[in-house]
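Hi,

Here is the structure I promised to pass along. Have a look at it first, and then read on for what turned up when I went through it.

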Amino acid sequence: MLLNDWHPVALSTQVTAGAMLATDLLETCVVLWRDSGGVLHAWEDRCPHRGTRLSMGAVRDDTLTCPYHGWTFGKEGRCTRIPALPEAPLKAQVNVYHVQELYGLAWVCLGTPAHAGPPAFPEFGDAQLRKVWCGPYDVRSSAPRIIENFLDMAHFAFVHEGILGDQQHPVIPDYSVETFDEAEYGSGVWARQCHAFQPQASKAATGGSDIEYTYRVVRPLTAVLTKHPPDSIREAIALLLQPLTETTTRAWIILALNDFTSSDDALRAFQDTIFLQDLPILESQHPARLPLTPGAEVSVACDRMSLAYRSYLKQQNLQYGVIR
């Protein structure tokens, strides 16, 4: 299922004409490169001749040259030259993947796309909101574990005490959990009317307040949190995951905020603080893959969104990064 979905792999600005960027996705080595016309390409980072990483070579005249034997490959991935045998038939073909650019990121699908494009993030198109890219953060944990942590409010008072939570206010009021199918976000599962007291809900906050959240899971490895600050417009945080392996993940975060005062660096630093507080917790969880088997972990009432997410993953027939 994940082979046929779209995954973030880089900032668009990281891939410039004439250069290559190596990354990993679903235990596959991928190389990104941009041709002279600005078109982005995503290939398997492997020469079909002897398996050398193409990203160790060079981009010249819209072709990639393997560093091992100098074989060159054109924009369609087909071999165009074998220096040692100039008259040899050119049958070699690099695996070429689907690639798109959206939300300032490069997205890759290794299989046959089940969706026309990446997951919905409508707040990105809101001109009233400022966009800031945070991360990426590499985590020794499965992607579903990271999404579930993002959906969990009960840890605020303990992992993010003094910022997102207060141990004097640990109670999580009841909230509503439902599936949704709508034009704006597509389909998935959401939690609404989620309330938590936060000493500092954002970089711009000057004091504690009760914040209302809405959580949406819009794809198995994508979640969007919308915040409804008092007397302000809706803000959003998108968590977009790049599964490197079943138990290692790269997390990308995009902020869509009504804060036009703080610097980009200050907003990233605030988000870094929050994520790096989560990091040791995520990496300590055992098993690293998210258990979907009934009774594998004890749950309580305020875990309703986590349970809904696990049920959603079962319905999506996710096998990767989970225990079924």
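**Aromatic pairs and what else turned up**

A search of the whole structure, which is a predicted model, turns up 11 aromatic pairs. One of them is Trp33 with Trp43, an edge-to-face pair with 5.3 Å centre to centre and 80° between the planes. Trp33 belongs to strand 3 (residues 28-34) and Trp43 to strand 4 (residues 40-44), so this pair ties together parts that are 10 residues apart in sequence. Buried or exposed, these two tryptophans? Both Trp33 and Trp43 are buried.

Tyr213 and Tyr215 make another edge-to-face pair, at 5.7 Å centre to centre and with 65° between the planes. These two tyrosines, Tyr213 and Tyr215, are both buried as well. There is also an aromatic cluster, made up of Tyr103, Trp107, Phe121, Phe124 and Trp133.

**Around strand 15**

While you have Tyr213 on screen, look across to strand 15: the bridge partner of Tyr213 there is Lys227. Strand 14 (residues 209-219) pairs with strand 15 in the antiparallel sense, over seven bridges, and a hairpin of two residues joins strand 14 to strand 15. Strand 15 also pairs with strand 16 (residues 235-245), again antiparallel, this time over six bridges. In that pairing, Thr222 stands opposite Leu240 of strand 16. How many of the seven residues in strand 15 (residues 222-228) are buried? Six of them are, and the strand is mostly covered.

**The Rieske region and a small sheet**

The UniProt record, an unreviewed entry, lists residues 6-108 as "domain: Rieske". Those residues, 6-108, come out as 0% helix and 44% strand in the model, and the C-alpha atoms at the two ends are 5 Å apart.

If you want a sheet to trace by eye, try the open one of four strands, which has the order 5-6-7-8 and antiparallel pairing. Strand 5 (58-60) and strand 8 (79-81) are at its edges with a single partner strand each, so one side of each has no neighbour in the sheet. Strand 5 is joined to strand 6 (residues 63-65) by three bridges, and these two strands run antiparallel. Arg60 is a handy place to start, as it stands opposite Thr63 in strand 6.

**The largest pocket**

Then there is the largest pocket, with a volume of about 390 Å³. Its lining takes in 19 residues, and the ones nearest the centre are Glu148, Asp152, Gln285, Asp303 and Ser306. What is the lining like by class? There are eight nonpolar, five polar and six charged residues in it. Which helices supply at least two residues each to this lining? Helix 1 (143-151), helix 3 (264-284) and helix 4 (304-315) do.

One last residue to click on is Phe150, which sits in helix 1. The relative accessible area of Phe150 is 16%, under the 20% cut-off, so Phe150 counts as buried. Phe150 and Leu239 are 89 residues apart in sequence, but their C-alpha atoms are 8.0 Å apart in space.

Shout if you have trouble opening the file.

Cheers

Terms used. Residues are numbered from 1 along each chain as its sequence is written. This is a predicted model: local features need pLDDT of at least 70, side-chain atom pairs count only at pLDDT 80 or more; totals for chains, interfaces and linings use all residues. Side-chain values use heavy atoms; hydrogens and water are left out. UniProt positions are given in the numbering used here, feature names are shortened, and annotations may be inferred rather than shown by experiment. On a 1 Å grid over the protein atoms alone, a cavity is a set of points where a 1.4 Å probe fits but cannot get out, and a pocket is an open set with protein on both sides within 12 Å along at least five of seven lines; lining residues have an atom within 4 Å of a point. Grid points are joined across faces, edges and corners, and a volume is the space filled by probe spheres set on the points. Ala, Val, Leu, Ile, Met, Phe, Trp, Tyr, Cys and Pro count as nonpolar, Asp, Glu, Lys and Arg as charged, and the others, Gly among them, as polar. Two strands pair if DSSP finds at least two bridges between them. Rings of Phe, Tyr and Trp (its six-membered ring) pair if their centres lie within 6.5 Å; planes under 30 degrees apart count as stacked, over 60 as edge-to-face and the rest as tilted. Buried means under 20% relative accessible area, exposed over 50%, partly exposed in between (1.4 Å probe, protein chains only).
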